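Student: I have a model open in front of me and would like to learn how to read it. Could you walk me through it?

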Amino acid sequence: MRDRDIRSAPNYTVPALVMGWVNLTLALLLTKAEFGFVPALLLAAAIHHGIGRWAAIRAGR
């Protein structure tokens, strides 16, 4: 085998967060346009609750 210079992997955290924000914004805007404000608000609340539960599970609570 050849000796190769193995470098660390690039950090894609910021691009992933930006893409997630763009997808969330589009999903909420499309939901609001198609079904109105209340379903979009309920979807946002469900996503917020799910993220909170996921964070609690990851924290070991």
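Tutor: Let's go through the features one by one, from the whole chain down to single residues. Keep in mind that this is a predicted model.

Student: Happy to. How many helices and strands does the protein chain have?

Tutor: Counting secondary structure elements is a good way to begin. Here the protein chain has 2 helices and 0 strands. Helix α1 covers residues 13-35, and helix α2 covers residues 37-59.

Student: What span should the 23 residues of α1 have, and what do its end C-alpha atoms show?

Tutor: The idea is to compare the expected span with the distance between the ends. At 1.5 Å a residue, α1 should span 33 Å, and its end C-alpha atoms are 32 Å apart, so the two agree. For α2, also with 23 residues, the first and last C-alpha atoms are 33 Å apart, close to the expected 33 Å.

Student: What follows each helix?

Tutor: Backbone angles are worth checking there. G36 comes after α1 and has a positive phi, near 110 degrees. Just after α2, G60 also has a positive phi, of about 85 degrees.

Student: What is the radius of gyration of the protein chain, and what would a compact globule have?

Tutor: Here we set the chain beside a reference value. A compact globule of 61 residues would come out near 10 Å, but this chain has 19 Å. Its C-alpha trace spans about 60 × 35 × 15 Å along the principal axes.

Student: What share of the residues is buried?

Tutor: Buried residues make up 3% of the 61 in the chain. The chain exposes about 6,000 Å², with carbon and sulfur atoms supplying 66% of that area.

Student: Let's look at single residues. Is T31 buried or exposed?

Tutor: For this we use relative accessible area, and under 20% means buried. T31, in helix α1, has 16%, so T31 is buried.

Student: Which residues is T31 in contact with, leaving aside its neighbours within four places in sequence?

Tutor: They are G36, P39, A40 and L43. For a residue farther along, take R58: it is 27 residues from T31 in sequence, and their C-alpha atoms are 29 Å apart.

Student: And which residues make the nonpolar surface patch?

Tutor: F37, V38, L41 and L42 make a patch of about 440 Å². To read one of them, recall that exposed means over 50% relative accessible area. L42 is exposed because its value is 58%.

Student: Is I57 buried or exposed?

Tutor: I57 sits in helix α2, and at 57% relative accessibility I57 counts as exposed. I57 and I47 are 10 residues apart in sequence, with 15 Å between their C-alpha atoms.

Terms used. Residues are numbered from 1 along each chain as its sequence is written. This is a predicted model: local features need pLDDT of at least 70, side-chain atom pairs count only at pLDDT 80 or more; totals for chains, interfaces and linings use all residues. Side-chain values use heavy atoms; hydrogens and water are left out. Helices (H or I, at least four residues) and strands (E, at least two) are DSSP runs, numbered from the N terminus. Buried means under 20% relative accessible area, exposed over 50%, partly exposed in between (1.4 Å probe, protein chains only). Contact means heavy atoms within 4.5 Å. The expected span of a helix is 1.5 Å times one less than its number of residues. The radius of gyration is taken over C-alpha atoms; the globule rule is 2.2 Å times the number of residues to the power 0.38. Accessible areas come from the Shrake-Rupley method with a 1.4 Å probe; for residues, only the protein chains shown count as cover. Patches are made of residues with over 30% relative accessible area and no salt bridge: like charges are joined within 9 Å, nonpolar side chains (Val, Leu, Ile, Met, Phe, Trp, Tyr) within 5 Å. A salt bridge is a side-chain nitrogen of Lys or Arg within 4 Å of a carboxyl oxygen of Asp or Glu.
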